[in-house]
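Open the model in your viewer and set it to a cartoon display with side chains available on demand. The tour below goes from one selection to the next.

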Amino acid sequence: MDRPSLELRLTALGASVADRLTIDQTAWLSEFVGAGEYGVALEMIADWLSEAGASVLPAERAEAETLSTAMGNHDRVMGP
């Protein structure tokens, strides 16, 4: 997956889960994506949602799985 596609899809995923993130987390997410730290951005989304015990829609989970597989951080994002 190319960088523009990763950025677009991570931004869309971030918008989808934004109602379950704090304002600070949303700002950090934008910073990570803007800096090209796509793997960190996806890992942080997973961490923040997990720590909050937030629900994740099946489509969001599927997108996170697709992105993490493409970026090579599947185990870190999706868990063992």
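**Stop 1: helix H3**

Select helix H3 and show the side chains of its buried residues: Tyr38, Ala41, Leu42, Glu43, Ile45, Asp47, Trp48 and Leu49. Keep in mind throughout that this is a predicted model.

What do these buried residues pack against? Colour helix H1 (3-17), helix H2 (23-34), H4 and helix H5 (74-78), and you have the partners of the buried residues of H3.

Now check the length of the helix. H3 covers residues 38-52, which makes 15 residues, and at 1.5 Å a residue these should span 21 Å. The end C-alpha atoms of H3 are 21 Å apart, so the expected span and the model agree.

Move just past the end of H3 and select glycine 53, which takes a positive phi of about 65°.

**Stop 2: phenylalanine 32**

Go to helix H2 and select phenylalanine 32. Is this residue buried or exposed? Its relative accessible area is 18%, and because the limit for buried is under 20%, phenylalanine 32 counts as buried.

Show what surrounds phenylalanine 32. Leaving aside neighbours within four places in sequence, its contacts are Glu37, Val40, Ala41, Met44 and Trp48. Two of the names, Ala41 and Trp48, should be familiar from the buried residues of H3.

For a distance across the model, pick the C-alpha atoms of phenylalanine 32 and aspartate 75: they are 20 Å apart in space, with their positions 43 residues apart in sequence.

**Stop 3: the salt bridges**

Side chains of opposite charge can pair when their charged atoms come close. How many salt bridges does a search of the whole structure find? It finds five, and the tour visits some of them.

Begin with glutamate 63 and arginine 9, whose closest N and O atoms are 2.7 Å apart in a salt bridge. This pair links distant parts of the chain, with glutamate 63 in helix H4, arginine 9 in helix H1, and their positions 54 residues apart. Glutamate 63 is buried, at a relative accessible area of 18%, whereas arginine 9 is partly exposed, at 28%.

Next, select Asp19, Arg20 and Glu60 together, since the three are linked in a network of salt bridges.

- Aspartate 19 and arginine 20: the closest N and O atoms of this salt bridge are 3.1 Å apart.
- Glutamate 60 and arginine 20: here the closest N and O atoms are 2.7 Å apart. This pair also joins distant parts of the chain, 40 residues apart, with glutamate 60 in helix H4 and arginine 20 in the loop between H1 and H2.

Look at the two acidic members in turn. Aspartate 19 lies in the loop between H1 and H2 and is exposed, with a relative accessible area of 64%. Glutamate 60 is in helix H4, which runs over residues 58-71, and is buried at 5% relative accessibility.

Which residues does glutamate 60 contact beyond its neighbours within four places in sequence? They are Leu13, Ser16, Val17 and Arg20.

Before leaving, pick the C-alpha atoms of aspartate 19 and serine 55, which are 11 Å apart in space and 36 residues apart in sequence.

**Stop 4: serine 68**

Stay on helix H4 and select serine 68. Its relative accessibility is 0%, so serine 68 counts as buried.

Add the backbone of glutamate 65 to the view: its backbone oxygen lies 3.1 Å from a polar atom of the side chain of serine 68. Not counting residues up to four places away in sequence, serine 68 touches Leu42, Asn73, His74, Val77 and Met78.

**Stop 5: the largest pocket**

Rolling a probe the size of a water molecule over the atoms shows where empty space is left. The largest pocket has a volume of about 270 Å³.

To find this pocket, select Ala46, Leu49, Val56, Arg61 and Val77, which lie nearest its centre among the 14 lining residues. Which helices supply the lining, each with at least two residues? They are H1, H3, H4 and H5. The largest share, five residues, comes from H3, the helix where the tour began.

Methods
Residues numbered from 1 in each chain as written. Predicted model: local features only at pLDDT ≥ 70, side-chain atom pairs only at ≥ 80, totals over all residues. Heavy atoms only, no water. Helix = DSSP H or I, 4+ residues; strand = E, 2+ residues; numbered from the N terminus. Buried < 20%, exposed > 50% of the residue type's maximum accessible area, 1.4 Å probe, protein only. Contact = heavy atoms within 4.5 Å. Expected span 1.5 Å × (residues − 1). Salt bridge = Lys/Arg side-chain N within 4 Å of Asp/Glu carboxyl O. 1 Å grid on protein atoms, 1.4 Å probe; cavity = no way out; pocket = protein on both sides within 12 Å on 5 of 7 lines; lining within 4 Å. Points joined across faces, edges and corners; volume = space filled by probe spheres on them. Polar contact = N/O pair within 3.5 Å; in protein donor to acceptor, adjacent residues only side chain to side chain.
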